[in-house]
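Colleague: I am new to this one. Could you show it to me and take my questions in turn?

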Amino acid sequence: KWKVLNQIKDIAGYICMKAVTEDTVKKQTITAWFCGDIPVSVGPERYFGLPGAILELDVNEGDVVITATKVDLKKLDTPLK
């Protein structure tokens, strides 16, 4: 369960909103910055479930940080099934 907060930041040219959750098994705080302009519920390290692509993921307040540096949107040659 994500809690969406009222904070924004620019990542790779996209305006992103902050969301946080807690990994109760590993006892870690997960912070995600997601972009609603890319309306696909995807992200790194098996994290997803937000109303936009996660462009930055911070595990346990800086232990691991994954940040998108570039986003390439391409047209599909064949439709997804």
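Modeller: A word on terms before the questions: a contact means heavy atoms within 4.5 Å. The model is a predicted one. Of the contacts in the protein with a separation of 6 or more, 30% are between residues 24 or more positions apart.

Colleague: Which pattern does the protein follow along the sequence?
Modeller: The protein has five strands and zero helices. Read from start to end of the sequence, the pattern is β-β-β-β-β.

Colleague: What share of the 81 residues in the protein is buried?
Modeller: Buried means under 20% relative accessible area. Of the 81 residues in the protein, the share that is buried comes to 31%.

Colleague: Which strands each supply at least two residues of the largest nonpolar core?
Modeller: The largest nonpolar core has nine residues, including Ala19, Tyr47 and Leu50. Also among them are Ile30, Ala32, Phe34, Ile54, Leu57 and Val59. At least two residues of this core come from each of β3 (28-35) and β4 (53-59).

Colleague: How many residues does the other core have?
Modeller: This core lies apart from the largest one. Tyr14, Trp33, Cys35 and Ile38 are among its residues, which number eight.

Colleague: Which residues of β4 does Ile30 contact, neighbours within four places in sequence left aside?
Modeller: Ile30 is in contact with Trp2, Ala19, Val20, Thr21, Asp23 and Tyr47, among others. β4 spans 53-59. The contacts of Ile30 in that range are Leu57, Asp58 and Val59.

Colleague: Is Val4 buried, partly exposed or exposed?
Modeller: Val4 is found in strand β1, and Val4, Ile8, Ile15 and Met17 make a nonpolar surface patch of about 360 Å². Buried is under 20% relative accessible area and exposed is over 50%. Val4 has 43% relative accessibility, so Val4 counts as partly exposed.

Colleague: Which residue of the nonpolar patch is in contact with Ile15?
Modeller: Ile15 is in strand β2. β1 (3-11) and β2 (14-23) each supply at least two residues of the patch. Leaving aside neighbours within four places in sequence, Ile15 is in contact with Lys9, Asp10, Phe34, Cys35 and, from the patch, Ile8.

Colleague: Which residue in the turn between β4 and β5 has a positive phi?
Modeller: β4 and β5 (residues 64-67) pair in the antiparallel sense over four bridges, and Glu56 has Thr67 as its bridge partner in β5. The two strands form a hairpin with four residues between them. The positive phi, about 60°, belongs to Asn60.

Methods. Residues numbered from 1 in each chain as written. Predicted model: local features only at pLDDT ≥ 70, side-chain atom pairs only at ≥ 80, totals over all residues. Heavy atoms only, no water. Core = buried A, V, L, I, M, F, W, Y, C linked by side-chain atoms within 4.5 Å. Buried < 20%, exposed > 50% of the residue type's maximum accessible area, 1.4 Å probe, protein only. Patch = residues over 30% accessible without salt bridge, like charges linked within 9 Å, V, L, I, M, F, W, Y side chains within 5 Å. Areas by Shrake-Rupley, 256 points an atom, 1.4 Å probe, with all protein chains shown as cover. Salt bridge = Lys/Arg side-chain N within 4 Å of Asp/Glu carboxyl O. Pairing = 2+ DSSP bridges.
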